[in-house]
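Please work through the exercises below with the sequence and the 3D structure at hand. Each task is followed by a solution in steps.

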Amino acid sequence: MQGLNTEQQAAVRHYDTPLLVLAGAGSGKTRVIVEKIVHLIEDRDLPPRGIWAVTFTNKAAREMGERIGQRLPAESRRGLNISTFHTLGLNLIRRETRTLGLRPGFTVLDAEDSLNLIKSLLQLNEQAAGLIEPKEAQGRISQWKNDLVAPDAAAGTAEDPVDAACASLYADYARQLAACNALDFDDLIRRPVELLRDDPEARERWQRRVRYLLVDEYQDTNASQYELVRLLVGPVGRLTAVGDDHQSIYAWRGARPENLQHLKRDFPRLTTIKLEQNYRSVATVLDAANQLIAHDPTTQPKNLWSAVGAGESHRVLVCDTAEDEAERIATDILHRHFKDGSAYRYFAILFRGNHQARLIEQQLRKLSIPYVLTGGQSFFERAEVKDAMAYLRLLANPSDDAALLRIINTPRRGIGPTTLERLGQIARERDLHLAAAARSVAAEQRIDPRVRHQLEQFLDWLEATRERMASEPAVEAMRRLLEEIDYAGFLREQENTARAAERRWENLQDWLEWTERIAEDAETGESLSLAELVQKMSLLGILEQKTRDQNDDAVRLLTLHAAKGLEFPHVYLSGMEEDLLPHQDCQEDDRLAEERRLCFVGITRAQRSLTFTLTRRRRRYGQWRDITPSRFLEEIEPQLLRWEGIGVKKSEEETRATAEEAMATIRAMLGSR
DNA sequence: TAGTGTTAGATTTTT
DNA sequence: TCTAACACTA
C-alpha cells in the first residue's frame, strides 16, 4: 500500500461489491491492478489460481505479469491467471473442447486466413457473389459474432439485399469453419459465452474457478466480451473493472464504451472510484487535455491534476507542406538531442494515419536520427512465417483447409488452381475436408495421373511427418521439414537477390527459436503438445519479440492508436489539421467525439513537453489542398499555445538554411567533445 | 505461370 | 498521384 494515494488504496482494498475504477490517463491504473492482486493473495487469502486478470494485448498481459513478479515470489503467485481475453477464451475452449463439438487439435484462423476463406465462399455463393466485397463481408460477420447474433438470426433481421447476402455468407462461413475444425478470433470469445450461457453446469464450474476477476481497459470491451465477464463473475460479481471513457478510441471496431455504464445496471451494488491524480505529466499538458476533453459531450467529466511540475506552453509549428513539417520535427529533435542532451528514445512523433510516417521517416533518415516505427504491418505479414505456421497447423489439424490451401503448392508441387478447384468440388459433394478429398481422388481416375501422383506423394509425406512429430520435439521436426521441402531453395527461387532470400530464411530461423521458447515456456515445465503449441502461437504473433528487442536509443514513430498506454518525455503531435484529425470520414457526432478522444490520448502521452505541428497545404490524392487547422486546437485555451511560423512562408532556401544551421550546431557540438 | 494492363481507393487494428 | 490487387494474355 505504500506510495498509493487515498483513492488508489480504496480501490485496492475494496472487496465485497463489484468495483469500477475510472482511471484517468496516467493515474497509475496498472499499479492499482497489480497491488490489488497482491492484496487479494496476501490479505484476503485467495488462492492465486482463483484470480483472473484480463487485458486486451499480449504486451499488457506480459507487463502485468512482470510487475507481479517483482512483488511476489514465484511460489505465492503460482497458478495466477493473467492473459488476454482471447487467450482466456482459448483456454476455456481447450478444457471444454468436446462439449463444444470440436475435435482436439482445432485450428485458430487469423484474420488473413479468415478473409481467404470468405473470398472462396463468396465465389460459390450466388446470392452474395459480386454484390459485396470480401472485406466488407468479413467486417459484417465479425460484427454479428461480437454481438452474439447467430447466422439464422442475422438472416432474419437483414434489411437490405447486401445485408441478406452477408447473412447467407455468414452461414456458409460458419459451416465451413465447423467442417475445418477451426475457429476465428471472434469465436474465442463467442463460443465460451454461448457455452456458459446455455449450459448451467459449465457455468457453475467456471464461476467456481473464477474467484475474482480483474479487467483492464474496460471501455474497450465489446458486447461479447462484456457478456463473458458477466457470465464468469456471476451474480455476486467479484469483479474489478478498470477503464477510462476518455480513452475510448476503438468504438469503430466494435468496442462499447457504454459498457462502463451498463455495469451499474447489471450490478446494482457497484461502487465507483475515480482516479484523477496524474503521475505522468506537467500541469500545462493536463490543462490542454482537460480543456479539450471538456468538449466531449459523450463522456463523464473528470479533472486530471498532477504534482509533477508546472510545465511550459505548447508550441504549434505551422509548416508550409508535409515535407516541411517532417523536416522541422526532425531538426527540432536533433537540436534538442544535442543541445539538451535528451536521448532519442525520449521523443515520440504521433500521427493519425500510417501514411504520414513516410515523409517523417525520410527526414529522420536524412539527418541520421535513429527511429523505430511501431505498428504498421510489415513483419506480421511475412509470408515465410505464415507458410511455416500453415505446415504446423496442417500437421496438428488434418482438416485445416486454409492451411492446406496455403502450402499445398508452396513450394511448387504442380498442384495448381484447377486441381484445387476440382478438389474443392469433390470435398463439397462428399462432405470431406480437402486432404480427405485429395486422398479419395488420388485413388481414382478423375484427375490427371501426374497430378494424382503428386497428390499421393504429398499426402504420404504429410502422414509420415505427422507420425514422426508424435515422438520428436516439434521444433526439430519443423527444421527437418523445412529441409525436406527445400524451403531455402524455394526462397532463392522466389527472390531476385540472394540477400533477400537470405533475410527471409533468417526470419524463419528467428521463428524457429521463438517456437522453441514457447514450446518450453509452459508454466508446468512440461512441453506442449503440437496442437497446444500451434494454438498458442496463433494468438501470440511473432511481432511480440521483435518489438521487445528494440529498446535502443531511437525516436518512436507511432499512430495515435498505437500510442495508447505509453508515455514519452517529449511528444510531437503531427498533422493537427481538419480532415486529418478529426479525420475526414469522422465528421458525424459520435465519430467526431472519438477523434477528439484520440487527440486527448495523444496529448496525455506527453510527460514534459508537447509540440503540435500542421501544414498550410497538403497533397491529397494528388491534389494540392489548402488546410484548415484542427478544431481541436481551438478547443484549447490560446494562452496555452505558442504559435510559430504563422504568416511566414518559407522559401526553399530558408528551409535549407534551417537544416544547415542544425547541422552546423551538431558539428560544433561534436567538435567540442 | 509470369508479365502486363486496369481499376478502385486512399483511417485507426488486436486477437 | 500512387499503390496494390485483380483479370487477362502470351
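## Exercise 1: Two helices

In helix α24, Ala500, Ala501, Arg504, Asn507, Leu508, Trp511, Leu512, Trp514, Thr515, Ile518 and Ala519 are buried. The model in which these residues are seen is a predicted one.

**Task.** Determine what span the 23 residues of helix α24 should have at 1.5 Å a residue, and compare it with the distance between the end C-alpha atoms.

**Solution.**
Step 1. Helix α24 runs over residues 498–520 and holds 23 residues.
Step 2. The expected span is 1.5 Å times one less than the number of residues, so helix α24 should span 33 Å.
Step 3. The end C-alpha atoms of α24 are 33 Å apart, which agrees with the expectation.

**Task.** Repeat the comparison for helix α21, residues 449–470, and state which residues of α21 are buried.

**Solution.**
Step 1. Helix α21 has 22 residues, for which 32 Å is expected at 1.5 Å a residue.
Step 2. From the first C-alpha to the last, α21 reaches 32 Å, close to that expectation.
Step 3. The buried residues of α21 are Val451, Arg452, Leu455, Phe458, Leu459, Trp461, Leu462, Thr465, Arg466 and Met469.

## Exercise 2: Aromatic rings

**Task.** State how many aromatic pairs a search of the whole structure finds, and describe the pair formed by Tyr250 and Trp252.

**Solution.**
Step 1. The search finds 10 aromatic pairs.
Step 2. In the pair of Tyr250 and Trp252, the ring centres are 6.0 Å apart and the planes make an angle of 45°.
Step 3. Planes under 30 degrees apart count as stacked and those over 60 as edge-to-face, the rest being tilted; the pair of Tyr250 and Trp252 is therefore tilted.
Step 4. Tyr250 has a relative accessible area of 13% and is buried.
Step 5. Ring pairs also link Tyr391, Phe458 and Trp461 into a cluster. Phe458 and Trp461 are among the buried residues of α21.

**Task.** Identify the rings over which the charged ends of Arg209 and Arg620 sit.

**Solution.**
Step 1. Arg209 has its charged end over the ring of Trp206, 4.4 Å from the ring centre.
Step 2. Arg620 has its charged end over the ring of Tyr621, at 5.6 Å from the centre.

## Exercise 3: Salt bridges

**Task.** Explain why Arg190 and Glu194 are separated by about one helical turn, and classify each as buried, partly exposed or exposed.

**Solution.**
Step 1. The structure holds 50 salt bridges. One of them joins Arg190 to Glu194, with the closest N and O atoms 3.5 Å apart.
Step 2. Arg190 and Glu194 are four residues apart in helix α10 (residues 187–198), so about one helical turn separates them.
Step 3. Arg190, at 12% relative accessibility, is buried, whereas Glu194, at 22%, is partly exposed.

**Task.** Locate the two residues of the salt bridge between Glu567 and Arg280.

**Solution.**
Step 1. The side chains of Glu567 and Arg280 meet at 2.7 Å, N to O.
Step 2. Glu567 lies in the loop between α27 (560–563) and β15 (568–573), and Arg280 in the loop between β9 (277–278) and α14 (283–293); the pair links distant parts of the chain, 287 residues apart.
Step 3. Glu567 is partly exposed, with a relative accessible area of 39%, while Arg280 is buried at 12%.
Step 4. Elsewhere, salt bridges that share partners join Lys29, Asp216, Glu217, Asp220 and Lys564 into one network.

## Exercise 4: Backbone features in loops

**Task.** Find where the cis peptide bond between Leu581 and Pro582 is placed.

**Solution.**
Step 1. The bond that joins Leu581 and Pro582 is cis, with omega about 5°.
Step 2. Pro582 is in the loop between β15 and α28 (589–603).

**Task.** Describe Asp431 and Asp486 by phi, place and exposure.

**Solution.**
Step 1. Asp431 is not a glycine, yet its phi is positive, about 60°. Asp486, also not a glycine, has a positive phi of about 50°.
Step 2. Asp431 is in the loop between α19 (417–430) and α20 (434–442); Asp486 is in the loop between α22 (474–484) and α23 (487–494).
Step 3. Asp431 is exposed at 69% relative accessibility, and Asp486 is partly exposed at 42%.

## Exercise 5: DNA strand C

**Task.** Name the residues that surround DNA strand C and divide them by kind.

**Solution.**
Step 1. Lys119, Arg619, Tyr621 and Gly622 surround DNA strand C.
Step 2. The residues of this surface divide into one nonpolar, one polar and two charged.

How values were computed: Residues numbered from 1 in each chain as written. Chains lettered and ligands numbered in written order. Predicted model: local features only at pLDDT ≥ 70, side-chain atom pairs only at ≥ 80, totals over all residues. Heavy atoms only, no water. Near = heavy atom within 4 Å. Nonpolar A, V, L, I, M, F, W, Y, C, P; charged D, E, K, R; others polar. Buried < 20%, exposed > 50% of the residue type's maximum accessible area, 1.4 Å probe, protein only. Phe/Tyr/Trp six-rings, centres within 6.5 Å; stacked < 30°, edge-to-face > 60°. Lys NZ or Arg CZ within 6 Å of the ring centre and 35° of its normal. Salt bridge = Lys/Arg side-chain N within 4 Å of Asp/Glu carboxyl O.
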